[in-house]
Amino acid sequence: MTPSVATSTPALQPATQVALVDALVEQGWYVGRGAIDLALCGALNNELLHRAAYNGLDEAGIGRGQQHLLRKDIRGDAIHWLDRESAAQRRYLDAMSELQQALNHALFLGLFEYEAHFAHYPPGAFYQRHLDSFRGRANRVISTVGYLTPDWPSDGGGEMVIYHPDNPNQEVARVVPEAGTFACFLSETIPHEVLPTRCPRSSIAGWFRRNASLGGVLDPAH
């Protein structure tokens with residue numbers, strides 16, 4: 001049975017925005033357990049697992065446009081870009097839109113849009129250490145990860161490791177991929193990786209972006 005996506009409960013806990021903004025200013029990253037409504041996580045997780053079971057996901061690659069490559073030795077997840085086709089997707093994206101407004105109001109970032117995709121990691125999959133944007137070249141400003149898998153076991157692996165921006169060998173946080181946890185960090189400065197998972201792992205990866213228009217042509221979302 002698909003969990004109800006109750007609209008009376010906030011998709012993100014009300015205190016999340018304030019704590020998130022403070023953490024981004026102080027250290028460049030934020031992790032909040034229980035930040036996402038669990039009923040919403042359940043609905044999104046069911047949708048993702050249904051796609052995974054019926055070949056509704058695409059192999060993830062690295063790079064964008066003509067530089068996009070499939071490299072299983074670097075990342076092993078499969079994805080589907082969110083397109084508001086379900087009530088659960090719409091509720092999650094609406095919450096991100098509210099967060100975008102809060103970030104722009106508090107930090108004057110000029111965030112223009114938000115893009116996100118489901119990410120399914122089968123057992124054994126990982127994503128090597130990387131940055132989500134290269135300094136001065138890309139328009140991804142803030143990265144987000146919402147975790148969807150319920151009852152994550154203590155030996156399940158699949159943690160996201162966050163490294164210090166000035167010392168990419170210094171681990172500063174290890175995020176267990178349990179349903180309800182929400183992580184956020186600066187795309188250009190925070191190195192991170194996903195450790196090999198021993199269980200199927202579900203999440204939503206997303207990015208708040210600035211507008212990279214040139215000559216009146218909008219930079220494509222993905």
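**Exercise 1. Place S143 and list its surroundings.**

Decide whether S143 is buried or exposed, and find its side-chain partner.

*Solution.*
- Step 1. S143 has 1% relative accessibility, so S143 counts as buried. Buried means under 20% relative accessible area, exposed over 50%, and partly exposed in between (1.4 Å probe, protein chains only).
- Step 2. This is a predicted model: local features need pLDDT of at least 70, side-chain atom pairs count only at pLDDT 80 or more, and totals for chains, interfaces and linings use all residues. Residues are numbered from 1 along each chain as its sequence is written, and side-chain values use heavy atoms, with hydrogens and water left out.
- Step 3. S143 sits in strand β6. Helices (H or I, at least four residues) and strands (E, at least two) are DSSP runs, numbered from the N terminus.
- Step 4. Leave aside neighbours within four places in sequence: S143 then contacts D132, A183, C184, F185, S187, G206 and W207. Contact means heavy atoms within 4.5 Å.
- Step 5. The side chains of S143 and S187 make a polar contact at 2.8 Å. A polar contact is a pair of N or O atoms within 3.5 Å; within protein, one must be able to donate a hydrogen and the other to accept it, and residues adjacent in sequence count only if both atoms are side-chain atoms.
- Step 6. From S143 to S133 the C-alpha distance is 9.5 Å, at a separation of 10 residues in sequence.

**Exercise 2. Lay out the sheet.**

Give the strand order and name the edge strands.

*Solution.*
- Step 1. The open sheet has seven strands in the order β1-β9-β6-β11-β4-β3-β2, with antiparallel pairing. Two strands pair if DSSP finds at least two bridges between them.
- Step 2. β1 (29-32) and β2 (58-59) are the edges, each pairing on one side only.
- Step 3. Helix α1 (residues 16-27) packs on the sheet and touches β1, β6 and β9 (182-186). Its direction makes about 145 degrees with that of β1. Axes are lines fitted to C-alpha atoms, for helices over the stretch in contact, and angles run from 0 to 180 degrees between N-to-C directions.
- Step 4. β3 and β4 run antiparallel, joined by four bridges. I79 has A119 in β4 as its bridge partner.

**Exercise 3. Explain why β11 is largely enclosed.**

Use burial first, then the strand's pairings.

*Solution.*
- Step 1. Nine of the nine residues of β11 are buried, so β11 is largely enclosed by the rest of the structure.
- Step 2. R201, S203, A205, W207 and R209 point one way; S202, I204, G206 and F208 point the other way. All are buried.
- Step 3. β11 pairs with β4 in the antiparallel sense over nine bridges. Here E113 has R209 as its bridge partner.
- Step 4. β11 also pairs with β6, antiparallel, over seven bridges. V145 stands opposite A205.

**Exercise 4. Compare span and packing for α2 and α3.**

Check each helix against its expected span, then find what its buried residues meet.

*Solution.*
- Step 1. α2 (residues 38-53) has 16 residues and reaches 22 Å from first to last C-alpha, close to the 22 Å expected at 1.5 Å a residue. The expected span is 1.5 Å times one less than the number of residues.
- Step 2. α3 has 21 residues and reaches 30 Å, close to the 30 Å expected.
- Step 3. The buried residues of α2 include L40, C41, L44 and L48. They pack against β3 (78-81), α3 (87-107), β4 (113-121), β6 (140-147) and β11 (201-209).
- Step 4. The cover over the buried residues of α3 includes α1, α2, β4, β6, β9 and β11. α3 lies across β4, β6, β9 and β11, at about 130 degrees to β4.
- Step 5. Look just past each helix. N55, after α2, takes a positive phi of about 55 degrees. F108, after α3, has a positive phi near 55 degrees.

**Exercise 5. Trace the contacts of Q100.**

Which backbone oxygen does the side chain of Q100 reach?

*Solution.*
- Step 1. Q100 lies in helix α3.
- Step 2. Q100 is buried, with a relative accessible area of 13%.
- Step 3. Its side chain reaches the backbone oxygen of L111 at 3.3 Å.
- Step 4. Not counting residues up to four places away in sequence, Q100 touches L111, F112, E113, Y114 and F208.
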